[in-house]
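The following exchange is intended for a reader who wishes to examine a structural model through its computed features. Please consult the sequence and coordinates shown here.

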Amino acid sequence: MANSALTWRAAKHCFAVSMQVADLQPRTRDGYLAYINRFQLWLEERGRDESPATVTRTDVKEFLAAFREGYGVRYDRRAVNGRSPQSLRNCEIALGAFFGCLVREGEIENDPTVTVRLTKVDIEPQPTYVEAEIKRLLLVCPPQSHEGVRNRALVLTLWDTGVRSSELVSMGLPDMQERRVAVRQKHQPGKPATRTVPFGVVTMQAVERYIRRWRIDAAPLWRGQRGSLTTSGLHQLIDRLCREADIECKGVHAFRRGAVAQMKRLGANDSDIAELLGWSPTTALQMIARYSAAHKQELAQKAHQQFGPGDALRA
């Protein structure tokens, strides 16, 4: 039986606890609660905010229609000319999660969002390095020179492991026997402060050569001419290497996207990629789909080259 005495404050607290138990990232939890607050404000402006238990399907549909047209834009500096499909989809997901939580907790009987169809969002390919560009980068990193041996090891590490820039600069000395290294990851509730990243044999050889030539005997692993390599220094280094290789500089994070796409090309499954990249199960599928969008387009293009209806007319 629905709890007609349920207050918005109690309902949102219940939802916040459930999201924490589900190990959602703080930014995601804050974003979902912001959508719920906006929905509550919309109801309040219309005198229909008695309790979450009194919300109807019509309330939800009318709010989403208003949201699509730009309701609450004054609270969102990034919103221009209404809402993007992604923003609308996020709002729909937040409302569904909120009322779904209340149903599971027995606070309401029916979910007013059950008939809401999630807005379709086209995934746009993001800047990504491809294998040919990595090979060109390696050509400007001669292992005979002092800086070249480090740069070669660094490029291979970024491409081979897909680590974030902050994780790379946090690396200590790797375990050469196990071919792995510990990195410091962003703090998330329920997750350890560090995770282990494996190296392939080619990358490990390059890293071992760099350690030996630079005489690195203690953390941090990556050094510059004036001390430890910073994230800012890493971005500047990659920018310089791209200019020397005469390729477009797509940023350090493009190595991470490229690593995912390349692993998909080579047949890696999604669960292994999520583990290697340090993604939680709640975000892994979305991130893999976003990072491998270019790979899917590439496969589709190759399929058309083989099975294109127009070319079949030549037969």
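Questions and answers on strands, core, pocket and cysteines follow.

This is a predicted model, in which local features need pLDDT of at least 70, side-chain atom pairs count only at pLDDT 80 or more, and totals for chains, interfaces and linings use all residues. Residues are numbered from 1 along each chain as its sequence is written, and side-chain values use heavy atoms, with hydrogens and water left out.

Q: Which residue in strand 2 is the bridge partner of alanine 182?
A: Strands are DSSP runs of E with at least two residues, helices are runs of H or I with at least four, and both are numbered from the N terminus. Two strands pair if DSSP finds at least two bridges between them; strand 1 (residues 180-184) and strand 2 run antiparallel and are joined by five bridges. Within strand 2, the partner of alanine 182 is threonine 196.

Q: Which side chains of strand 1 are buried?
A: Buried means under 20% relative accessible area, exposed over 50%, and partly exposed in between (1.4 Å probe, protein chains only). The side chains alternate along strand 1, and Arg180, Ala182 and Arg184 point to the face that is not buried. The buried face carries Val181 and Val183.

Q: Which helix supplies the largest share of the largest nonpolar core?
A: A nonpolar core is a set of buried Ala, Val, Leu, Ile, Met, Phe, Trp, Tyr and Cys residues joined through side-chain atoms within 4.5 Å. The largest one has 40 residues, and Trp222 and Ile238 have the most contacts inside it. Elements supplying at least two residues of this core include strand 1 and helix 9 (231-245). The largest share, seven residues, comes from helix 6.

Q: Which elements give two or more residues to the lining of the second largest pocket?
A: The lining of the second largest pocket includes Trp159, Asp160 and Thr161, as well as Ala259, Gln262 and Met263. The elements that contribute two or more lining residues are helix 6 (146-161) and helix 10 (253-265).

Q: Is cysteine 141 buried or exposed?
A: A disulfide is a pair of cysteine sulfur atoms within 2.5 Å, and the structure holds zero disulfides. For cysteine 141, the nearest cysteine sulfur, that of cysteine 242, is 9.8 Å away. Because its relative accessibility is 0%, cysteine 141 counts as buried.

Terms used:
1 Å grid on protein atoms, 1.4 Å probe; cavity = no way out; pocket = protein on both sides within 12 Å on 5 of 7 lines; lining within 4 Å.
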